[in-house]
Amino acid sequence: MASVVTLIRSTALFGAVPYAYAATAPANARLIFLAGSCPFDKAGATVGEGSYAAQAEQCIRNMTTALHEAGATIDDVISTRVLVASTDRNDLVSAWNVVRRAFGVHDVPSTLLDVTVLGYEHQLVEIEAVAAVRD
């Protein structure tokens with residue numbers, strides 16, 4: 001089934017950004033609000049300790065699983081927020097590149113930001129998402 005999400009691009013804004021500036025879903029869509037996806041395996045162990053990219057990959061895997069359980073796919077995501085525990089722009093870009101690759105042409109509106117610390121020991125990345133589907 002095709003996604004109900006419509007990505008909005010603006011010719012009035014800077015065009016060389018790797019994401020859509022806005023997204024919409026129809027009034028009859030069911031919204032899915034995902035908790036922040038953390039870099040943990042099924043047993044709760046931190047995956048990719050010390051690696052922003054490896055943790056982002058695990059976050060994407062966990063987010064994809066949660067989406068599936070809610071009846072959605074990554075193509076149904078309408079927005080993301082990528083939190084990275086670092087003030088080094090290279091670390092943010094490392095995590096962002098993984099997210100960008102996972103979403104491909106479905107380049108949803110997203111916010112990438114640094115935070116001082118995340119909730120779990122050794123956690124460097126967390127990804128929040130909202131999705132929309134029509135049942």
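**View 1. Gln-58 in its helix.** Let's start with Gln-58, a residue of helix H1, in what is a predicted model. Gln-58 has a relative accessibility of 9%, and because buried means under 20%, Gln-58 counts as buried. Its side chain reaches the side chain of Arg-61 in a polar contact of 2.7 Å. Beyond its neighbours within four places in sequence, Gln-58 is in contact with Cys-38, Pro-39, Phe-40, Asp-41 and Val-47.

**View 2. Helix H1 from end to end.** Stepping back, we can check the length of H1. Its 18 residues should span 26 Å at 1.5 Å a residue, and the end C-alpha atoms are indeed 26 Å apart, so the two agree. After the helix comes Gly-71, with a positive phi near 85 degrees.

**View 3. The buried residues of H1.** Gln-58 has company here: the buried residues of H1 also include Tyr-52, Gln-55, Ala-56, Cys-59, Ile-60, Met-63 and Leu-67. Their packing partners are strand E3 (30-37), strand E4 (77-84), helix H2 and strand E6 (125-133). It helps to recall that an α-helix has 3.6 residues a turn, so residues three or four places apart point the same way.

**View 4. Where H1 meets H2.** Helix H1 (residues 52-69) and helix H2 (residues 89-103) have axes that come within 8 Å and cross at roughly 35 degrees. The crossing is right-handed. On the H1 side, the contact is made by Tyr-52, Ala-53, Ala-56, Glu-57, Ile-60 and Met-63; on the H2 side, the residues include Asp-91, Ser-94, Val-98 and Phe-103. Sorted by class, this contact has 10 nonpolar, one polar and three charged residues.

Note on methods: Residues numbered from 1 in each chain as written. Predicted model: local features only at pLDDT ≥ 70, side-chain atom pairs only at ≥ 80, totals over all residues. Heavy atoms only, no water. Axes fitted to C-alpha atoms, helices over the stretch in contact; angles between N-to-C directions. Helix = DSSP H or I, 4+ residues; strand = E, 2+ residues; numbered from the N terminus. Left-handed = near helix turned anticlockwise from the far one by under 90°. Contact = heavy atoms within 4.5 Å. Nonpolar A, V, L, I, M, F, W, Y, C, P; charged D, E, K, R; others polar. Expected span 1.5 Å × (residues − 1). Buried < 20%, exposed > 50% of the residue type's maximum accessible area, 1.4 Å probe, protein only. Polar contact = N/O pair within 3.5 Å; in protein donor to acceptor, adjacent residues only side chain to side chain.
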